[in-house]
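Welcome, and please open the model in your viewer. We will go from one selection to the next, with a short look at each stop.

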Amino acid sequence: MRTQVGIIGAGPAGLLLSHLLHLEGIESVVLEDRSRSYVENRIRAGVLEQVTVDLLNDAGLGGRMRREGLVHDGIEIAFSGVRHRIDFRELTGGKAVTVYGQHEVVKDMIAARLAAGGQILFETRATAFAGIDTTRPRIAFEHESGTGAVECDFVAACDGFHGVGRPAMAHRLQVFERRYPFGWLGILAESPPPSDELIYASHESGFALYSMRTPEMARLYLQCDPDDDIANWPDARIWAELHMRLDDGERALLQEGSVLQKGITPMRSFVVEPMQEGRLFLAGDAAHIVPPTGAKGMNLAVGDVFVLARAIADHVRTGRSERLHAYSQTCLRRIWKAQRFSWWMTSMLHLFPGATPFERRVQLAELDYVTGSPAASKALAENYVGLPFES
């Protein structure tokens with residue numbers, strides 16, 4: 001099989017890259033280990049930065065998002081029993097974020113690629129690379145009817161943290177990582193929203209977050225031990241903790257509903273440098289992970305493939321390789337800014353085991369400053385709605 005760009009992974013990064021290349025008249029083949037049903041129903045984050053929303057709209061992928069997505073003009077931060085609103089539109093000149101589930105974005109992208117005749121090979125596992133330092137790299141793969149290979153001009157590994165892309169260049173990677181001493185217990189519940197916007201809470205019992213997926217469905221999170229067993233968290237205990245950390249004084253904020261999903265996710269910050277070797281390029285979770293506090297994961301992946309698509313298109317049109325050679329450097333500037341913001345939000349809002357009363361008072365002073373200073377609020381807002389993509 002021959003194509004111009006071989007893409008591993010049918011998540012948002014791989015699918016968007018394929019679509020952006022298609023708009024430039026460049027062919028690609030996407031290899032995905034899982035089934036179409038699996039990737040279209042895999043629940044992940046759902047807060048889209050303004051720059052991500054604008055790109056999806058410009059690429060012709062935003063129709064359903066505009067109809068069904070929930071536009072949020074700000075967030076609320078709660079501490080010491082009081083909720084404070086950060087107004088994104090006022091602080092950023094009209095920008096906002098949109099809540100629209102990652103699996104819904106994936107559905108839209110798959111539909112668009114298939115409608116345009118794009119090739120997505122589901123249940124096809126990439127196994128090895130050859131010739132990534134040549135102009136004709138190859139991706140070996142396995143599927144139910146046997147084995148095969150894709151010969152291409154470029155390989156984009158958009159295959160996540162556990163994919164085959166990053167290990168193929170592990171010998172030259174520098175790894176930067178921080179593991180946090182807590183995780184998030186997350187639930188998806190049939191609970192109508194008590195607020196039109198996300199609520200971040202720093203409580204003496206630990207962090208909590210209220211968000212929503214639809215007007216009828218809530219996504220709620222609690223800080224917990226990352227090694228805890230979900231069996232220790234029956235629904236009644238979860239709701240009791242959520243009420244304690246999120247309710248507004250004497251007024252019950254949350255309406256309890258059926259818990260459809262629940263699980264515990266450890267938290268880490270992770271970056272590898274460089275994000276390329278020869279004709280192999282890493283994008284998304286294959287190259288970086290952020291703690292979810294800053295809502296940056298999928299948005300960073302979108303930024304990566306925006307840069308990569310423009311670099312490949314420039315090379316195909318002109319034969320020049322400057323943008324390709326600068327891919328890592330260009331992406332990493334934005335990635336490290338997002339890492340800083342996600343680390344800062346995480347550090348400001350969570351309780352760290354062993355923290356002293358002095359450290360807690362400093363944390364509360366930081367929250368008071370951020371919510372009370374227009375300059376500090378603006379810095380949070382402009383990072384949250386998304387820094388511009390670089391190219």
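Start in the interior of this predicted model. The largest nonpolar core has 76 residues, so select Leu-16, Leu-17 and Ile-139, the residues with the most contacts inside this core. Now colour helix H8, residues 297–318: with twelve residues, H8 gives the most to this core.

Next, centre on Ile-139 and show its neighbours. Leaving aside residues up to four places away in sequence, Ile-139 touches Gly-6, Ile-8, Leu-31, Ala-126, Ala-128, Phe-129, Gly-148, Ala-149, Val-150, Cys-152 and Val-155. Another core, of 53 residues, lies apart from the largest one; to find it, select Val-47, Leu-91, Tyr-210 and Leu-364, which are among its members. In soluble globular proteins, nonpolar side chains tend to be buried together.

Now for a helix pair. Select H1 (residues 12–23) and H6 (residues 102–115), whose axes come within 10 Å and cross at roughly 35°. The crossing is left-handed. Show side chains here: on the H1 side are Pro-12, Leu-15, Leu-16, Ser-18, His-19 and His-22, and they meet Gln-102, Val-106, Met-109, Ile-110, Ala-112 and Arg-113 of H6. By class, this contact has seven nonpolar, four polar and one charged residues.

Our last stop is H12, residues 374–385. Its twelve residues reach 16 Å from first C-alpha to last, close to the 16 Å expected at 1.5 Å a residue. Which residues of H12 are buried? Select Ala-376, Ser-377, Leu-380, Ala-381, Asn-383, Tyr-384 and Val-385 to see them. Then step on to Gly-386, which follows H12 and has a positive phi, near 115°.

How values were computed: Residues are numbered from 1 along each chain as its sequence is written. This is a predicted model: local features need pLDDT of at least 70, side-chain atom pairs count only at pLDDT 80 or more; totals for chains, interfaces and linings use all residues. Side-chain values use heavy atoms; hydrogens and water are left out. Helices (H or I, at least four residues) and strands (E, at least two) are DSSP runs, numbered from the N terminus. The expected span of a helix is 1.5 Å times one less than its number of residues. Buried means under 20% relative accessible area, exposed over 50%, partly exposed in between (1.4 Å probe, protein chains only). Axes are lines fitted to C-alpha atoms, for helices over the stretch in contact, and angles run from 0 to 180 degrees between N-to-C directions. A crossing is left-handed if the near helix is turned anticlockwise from the far one by less than a right angle, and right-handed if clockwise. Contact means heavy atoms within 4.5 Å. Ala, Val, Leu, Ile, Met, Phe, Trp, Tyr, Cys and Pro count as nonpolar, Asp, Glu, Lys and Arg as charged, and the others, Gly among them, as polar. A nonpolar core is a set of buried Ala, Val, Leu, Ile, Met, Phe, Trp, Tyr and Cys residues joined through side-chain atoms within 4.5 Å.
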